[in-house]
Amino acid sequence: YHIMLRGINGQVIFEDEEDSSKFLQTLKDYKDKCGYTIYAYCLMGNHIHLLIKEEKEELGITMRRIGSSYVYWYNWKYERSGHLFQDRYKSEVVEDEKYLLAVIRYIHQNPLKAGLVRDISDYRWSSYSDYIEGGKEIVDFEFILNLFGSDIEKAKGDFKTFHEKSSNDNCLDIEESKRLKDEEAILIIKRICKVSHSKDVQILEKEQRAGYIKTLKNEGLSTRQIARLTGISRTIVLKA
């Protein structure tokens with residue numbers, strides 16, 4: 001299955017490297033407990049792509065275990081409560097070898113297409129380097145490399161060449177909602193928070209301000225946008 005998890009209301013789910021490392025450790029820890037096989041992953045700022053083979057445990061149970069474990073830790077770290085991921089995970093079945101390889105390439109090319117790196121090998125938080133260099137003991141890369149040939153070093157070279165090809169693979173992805181322009185967002189802030197200027201949200205009573213921030217998120221404002229337009233720290237916006 002090609003799995004996608006997204007932060008609620010597009011919220012960032014990996015604030016720093018520690019968060020990304022923690023999620024990868026969670027994936028590794030639950031491999032033995034849940035018995036799944038993982039062929040690819042990519043952690044982006046506000047969403048995650050995984051390619052997982054269901055084994056002894058139902059996929060829905062596995063994803064709840066992984067998600068709950070990470071959210072519990074994340075909420076503890078940032079002193080927040082409630083949901084972190086948007087609804088239930090999205091998934092699509094991968095039924096043949098051709099599409100399997102297309103999905104792996106699609107997942108690994110995410111950071112490149114998002115403009116985060118110039119070369120996919122430069123991105124730390126995907127499984128691409130696991131195939132080329134090994135190391136994290138999360139991905140079962142032997143099966144995929146064997147599809148490129150029995151000579152492991154040649155297979156790695158062919159795997160790399162395959163990823164260097166530009167592609168328009170139509171795979172499962174997030175449906176980005178329309179981003180609000182700052183002018184629209186400021187009007188929403190004034191209306192929701194009942195203030196004359198967006199910066200006035202800073203001086204509101206703490207609990208009242210937190211309630212307004214939640215409403216602003218539901219209205220479509222991003223965490224970064226709220227922090228930028230109100231002057232409130234991003235950490236406080238995340239905790240709300």
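## Helix α9, aromatic pairs and a pocket

The backbone oxygen of Ile-226 lies 2.6 Å from a polar atom in the side chain of Thr-230. In this predicted model, Thr-230 belongs to helix α9 and is buried, its relative accessible area being 0%. With residues up to four places away in sequence left aside, Thr-230 touches Ile-189, Ser-198, Lys-199, Val-201 and Gln-202.

The burial of Thr-230 fits into a wider picture of its helix. Helix α9 spans residues 223–230, and six of these eight residues are buried, so the helix is largely enclosed by the rest of the structure. Alongside Thr-230, the buried set consists of Thr-223, Gln-225, Ile-226, Ala-227 and Leu-229. Packing partners for the buried residues of α9 come from α7 (182–193), α8 (206–218) and α10 (234–239). Both ends of the helix can be described as well. At the N-terminal end, Ser-222 acts as a cap, with a side-chain oxygen 3.0 Å from the backbone nitrogen of Gln-225. After α9 comes Gly-231, which has a positive phi, near 85 degrees.

It is helpful to place this helix within the whole chain. The protein contains 10 helices and four strands, arranged along the sequence in the pattern β-α-β-β-α-β-α-α-α-α-α-α-α-α. Along the principal axes, the C-alpha atoms occupy a box of roughly 70 × 35 × 30 Å. Of the 240 residues in the protein, 48% are buried. Among contacts with a separation of 6 or more, 68% are between residues 24 or more positions apart.

Aromatic residues offer another view of the model. A pair of aromatic rings is described by the distance of the centres and the angle of the planes. The protein has 13 aromatic pairs. One of them joins Phe-148 and Phe-159 in an edge-to-face arrangement, with 5.7 Å from centre to centre and 80 degrees between the planes. Phe-148 sits in the loop between α5 (141–146) and α6 (152–164), whereas Phe-159 is part of helix α6, so this pair ties together parts that are 11 residues apart in sequence. Both Phe-148 and Phe-159 are buried. Asp-158, also a residue of helix α6, is partly exposed, with a relative accessible area of 27%. The C-alpha atom of Asp-158 is 8.8 Å from that of Leu-145, a residue 13 positions away along the chain.

Elsewhere, one aromatic cluster is formed by Phe-14, Phe-23, Tyr-70, Trp-73, Tyr-74, Tyr-78 and Phe-85. Basic side chains are also found over aromatic faces. Arg-105 lies over the face of Phe-162, 4.1 Å from the ring centre, and Lys-33 is placed over the face of Tyr-30, at 4.8 Å from the ring centre.

Phe-85, a member of the aromatic cluster, leads on to the open space in the model. Rolling a probe the size of a water molecule over the atoms shows where empty space is left. The second largest pocket holds about 310 Å³ of space. This pocket is lined by 13 residues, and those closest to its centre are Met-63, Arg-64, Phe-85, Asp-87 and Arg-88. Helix α2 (residues 59–78) makes the most substantial contribution to the lining of the second largest pocket, giving six residues.

Technical notes:
Residues are numbered from 1 along each chain as its sequence is written. Side-chain values use heavy atoms; hydrogens and water are left out. Buried means under 20% relative accessible area, exposed over 50%, partly exposed in between (1.4 Å probe, protein chains only). Helices (H or I, at least four residues) and strands (E, at least two) are DSSP runs, numbered from the N terminus. Contact means heavy atoms within 4.5 Å. A polar contact is a pair of N or O atoms within 3.5 Å; within protein, one must be able to donate a hydrogen and the other to accept it, and residues adjacent in sequence count only if both atoms are side-chain atoms. Rings of Phe, Tyr and Trp (its six-membered ring) pair if their centres lie within 6.5 Å; planes under 30 degrees apart count as stacked, over 60 as edge-to-face and the rest as tilted. A charge sits over a ring if NZ of Lys or CZ of Arg is within 6 Å of the ring centre and within 35 degrees of the ring normal. On a 1 Å grid over the protein atoms alone, a cavity is a set of points where a 1.4 Å probe fits but cannot get out, and a pocket is an open set with protein on both sides within 12 Å along at least five of seven lines; lining residues have an atom within 4 Å of a point. Grid points are joined across faces, edges and corners, and a volume is the space filled by probe spheres set on the points.
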